[in-house]
Amino acid sequence: MMYLWVKAFHIIAVVTWFAALFYLPRLYVYHAMAEDRTGIERFKVMERKLYRGIMTPSAIVAVGLGIWLLILIPGWLSQGWMHAKLVLVALLIGYHVYCGHLLKQFRDDRNTRSHRWYRVFNELPVLVLIAVVVLAVVKPF
């Protein structure tokens, strides 16, 4: 029964984390297009609150509960699908950290990238999400 509760809250945390991973780069798209000081400052506040108040806490909870699941079922660590999933999670954590780096660039008015670059950057977590869900559900290897 413990496994099911941990799994349920892991899924909730992952959904919350991905929602933020999808939304923050979208804010960067609009921030990169903004030209008025009021709009720019508003984006800075929204981005900071999303990153610190939702994205990072949900990432910590998702990873923590994922580790708990591995403690409950350590046999998964010997399976190829889990190895691939953990590599993707590591890449996602790197993406998350890089989003924090971009946040600081915007905060300091040092963004050098176009809104088009952020539009492409915004799509990367979608590919990871598809792969992680397929690995976790289908367990192809």
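**View 1. Phe9 of this predicted model is partly exposed, with a relative accessible area of 43%.** Phe9 belongs to helix α1, which spans residues 2-33. Together with Met1, Leu4, Trp5 and Ile12, Phe9 forms a nonpolar patch on the surface. The accessible area of these residues together is about 600 Å².

**View 2. Arg26 is a buried charge without a salt bridge.** Arg26 is also a residue of helix α1. The nearest side chain of opposite charge is that of Glu123, at 4.3 Å. This pair does not count as a salt bridge, because the nitrogen and the carboxyl oxygen must lie within 4 Å. Leaving aside residues up to four places away in sequence, Arg26 touches Arg119, Asn122 and Glu123.

**View 3. A patch of positive charge lies on the surface.** Arg48, Lys49, Arg52 and Lys104 make up this patch. Helix α2 (residues 37-72) supplies the largest share, three residues. Lys49 is found in helix α2 and, with a relative accessibility of 54%, counts as exposed.

**View 4. Arg37 and Glu41 form a salt bridge within helix α2.** The N to O distance between the two side chains is 2.6 Å. The two residues are four apart in the helix, which means that about one helical turn separates them. Both are partly exposed: Arg37 has a relative accessibility of 45%, and Glu41 has a relative accessible area of 34%.

**View 5. Asp109 forms salt bridges with Arg37 and Lys44.** The N to O distance is 3.8 Å for Arg37 and Asp109. Because Arg37 lies in helix α2 and Asp109 in the loop between α3 (80-107) and α4 (115-121), this salt bridge ties together parts that are 72 residues apart in sequence. For Asp109 and Lys44, the N to O distance is 2.9 Å. Lys44 is likewise in helix α2, so its pairing with the loop residue Asp109 joins parts that are 65 residues apart in sequence. Asp109 is partly exposed, at a relative accessible area of 48%, whereas Lys44 counts as buried, at 13% relative accessibility.

**View 6. A network of salt bridges links Arg37, Glu41, Lys44 and Asp109.** Within this network, Arg37 pairs with Glu41 and with Asp109, and Asp109 pairs with Lys44. The structure as a whole holds six salt bridges.

Definitions and conventions. Residues numbered from 1 in each chain as written. Predicted model: local features only at pLDDT ≥ 70, side-chain atom pairs only at ≥ 80, totals over all residues. Heavy atoms only, no water. Buried < 20%, exposed > 50% of the residue type's maximum accessible area, 1.4 Å probe, protein only. Lys, Arg positive; Asp, Glu negative; His and termini not counted. Contact = heavy atoms within 4.5 Å. Patch = residues over 30% accessible without salt bridge, like charges linked within 9 Å, V, L, I, M, F, W, Y side chains within 5 Å. Areas by Shrake-Rupley, 256 points an atom, 1.4 Å probe, with all protein chains shown as cover. Charge placed at Lys NZ, Arg CZ, Asp CG, Glu CD.
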